[in-house]
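Welcome to my notebook. I kept these entries while looking through a structure that was new to me, and you are welcome to read along.

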Number of protein chains: 2
Amino acid sequence: MNPTKTAGGRREQILREAARLFAERGFHGVGVDEIGAAVGISGPGLYRHFAGKDAMLAELLVGISHRLLSAGRMRVAESDNPPAALDALVRGHIDFAIDDRPLITLHDRELDRLRDSDRKLVRQLQRQYVEVWVDVVCQVYPGAPEVEVRAAVHAVFGLINSTPHLGARSIPADRGDMAALLRRLALGALGTLDDGLPWTGPRTGG
Amino acid sequence: MNPTKTAGGRREQILREAARLFAERGFHGVGVDEIGAAVGISGPGLYRHFAGKDAMLAELLVGISHRLLSAGRMRVAESDNPPAALDALVRGHIDFAIDDRPLITLHDRELDRLRDSDRKLVRQLQRQYVEVWVDVVCQVYPGAPEVEVRAAVHAVFGLINSTPHLGARSIPADRGDMAALLRRLALGALGTLDDGLPWTGPRTGG
DNA sequence: CCCGGATGTTAGCGAGCGTTAACGTGATGA
DNA sequence: TCATCACGTTAACGCTCGCTAACATCCGGG
């Protein structure tokens, strides 16, 4: 009655293991036999679920880009004011970086291995996600030039995405501690965009 | 009289192009023929200068790790006090990230493609470089727990190293503007480690 | 003039890779 | 009972890639 449950579960399992392996050793550094072995089947068996190795990477990157963008938009829409929206964006991106480390790694590392059409789509989604951030940051710090805001947003992504590179000795034991630290660091960096005229409330018709 | 000039120049040229190509398409994504073509010779001709493709990557990563560490130590030694040392470290790392983008990219992306001995060496040099930063930051913000400082240092590396990912639309036109912005962001992030007792001068005996 | 080293070249080998072909097997349902 | 379908298997093909072998060229010094 529910054949998609097993099939979908298998697909998701393959994607999860493929993401981990790609992040560890790079797209070209992982063979289909290894991906198959990671889910208990052998190499060519994967072709019952995906058109090829490229298709797995494409589905991973398109999926994460979509989720980042839609989650970001939702968080902004649910916030009452720009500072709250910025804080929500920061928290959301941190959750993503901590909970989906392999995907975050792939997201800014293996983009160039995609077919042209897929790469264009992913880039477009990424650009829209950056735009969500830039809009919010420009509202919170209206005095900052947009080009600076754009570079600062990328820099904060780099800051938050540094999580996957950490060895065990550098990670605070508690997940919440790490998230709180990253939030402080990110907001501290963005705070330097303040030129003395940060957001002080809604413009009441001026 | 100076045969090393031509030979050394050739080696350096090969390393520079290899670094660029590895950073663009990944170590496994670049063939020796492409590297050769980039310097005007063809594939196997490279083996007159390097033992193999692996040797090029190893020399690149060991070299950058050495330079980062020694430059960092020198800057700290030349500074009068911890805050000045921290600022010098930040500025030095930013210069590196802007001027040697491909190497910075390789440095935290292709480490796992090295032979065991080379990888151990690079990791050791990286660890020592982190230690230089951690020592200085702990002096500037004595109230911060070391594990937080360590994670914060990695995060600041991620922030500064975000430069290579930027497209043309996101980069301030002037190199100095970009460096100044990154410095502000980095110091702003680290400033959140302040718990009310930042560095106020040398401890004068107790 | 010729030796020898530095620096290229092209041809080709051997291994590994992604992919396809052909086949097996167990559950499902008319 | 038997056709069908989902899901695997193994064998093998074709291609790419790193690397070696064998050979060419230039060039400085006795």
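**Entry 1: strand C**

Which of the 16 residues around DNA strand C come nearest? I looked them up and found Tyr47(A), Lys53(A), Ser42(B), Arg48(B) and His49(B). I call a residue near a molecule or strand if one of its heavy atoms lies within 4 Å of it.

Before going on, I noted that this is a predicted model, in which local features need pLDDT of at least 70, side-chain atom pairs count only at pLDDT 80 or more, and totals for chains, interfaces and linings use all residues. Residues are numbered from 1 along each chain as its sequence is written, chains are lettered from A and ligands numbered from 1 in the order in which they are written, and side-chain values use heavy atoms, with hydrogens and water left out.

Next I checked the phosphates of strand C. An N or O atom in the side chain of Lys53(A) is 2.6 Å from a phosphate oxygen of DNA strand C. From chain B, I found a polar side-chain atom of His49(B) at 2.7 Å from a phosphate oxygen of this strand, and one of Arg10(B) at 3.0 Å. Of the strand C atoms within 4 Å of the protein, 53% belong to sugar or phosphate and the rest to bases.

**Entry 2: strand D**

I then turned to DNA strand D, which 16 residues surround. The closest are Arg10(A), Arg48(A), His49(A), Tyr47(B) and Lys53(B). For Arg10(A), I read 2.8 Å between a polar side-chain atom and a phosphate oxygen of strand D; for His49(A), I read 2.9 Å. Val32(B) uses its backbone: a polar atom there is 2.9 Å from a phosphate oxygen of strand D.

Sugar or phosphate accounts for 55% of the strand D atoms within 4 Å of the protein, and bases for the rest. I sorted the residues of the surface near strand D into seven nonpolar, five polar and four charged. In this sorting, Ala, Val, Leu, Ile, Met, Phe, Trp, Tyr, Cys and Pro count as nonpolar, Asp, Glu, Lys and Arg as charged, and the others, Gly among them, as polar.

**Entry 3: the record**

What does UniProt place at residues 31–50 of chain A? The unreviewed entry gives the feature "DNA-binding region" there; such annotations may be inferred rather than shown by experiment. I found this span to be 35% helix and 0% strand, with its end C-alpha atoms 14 Å apart.

**Entry 4: chain A and chain B**

Chain A has eight helices and zero strands (DSSP runs, H or I of at least four residues for helices and E of at least two for strands, numbered from the N terminus).

How many residues does each chain give to the contact? I noted 34 from chain A and 34 from chain B, where contact means heavy atoms within 4.5 Å. Together the chains bury about 2,900 Å², 61% of it on carbon and sulfur atoms; buried area is the accessible area (1.4 Å probe) that two parts lose on being put together, summed over both.

I counted two salt bridges between the chains (a side-chain nitrogen of Lys or Arg within 4 Å of a carboxyl oxygen of Asp or Glu). One of the salt bridges joins Arg184(B) and Glu148(A), at 3.5 Å from N to O. On the side of chain A that touches chain B, helices H1 (3–25), H7 (146–160) and H8 (175–191) each give two or more residues. H7(A) supplies the largest share, nine residues.

Notes
A polar contact is a pair of N or O atoms within 3.5 Å; within protein, one must be able to donate a hydrogen and the other to accept it, and residues adjacent in sequence count only if both atoms are side-chain atoms.
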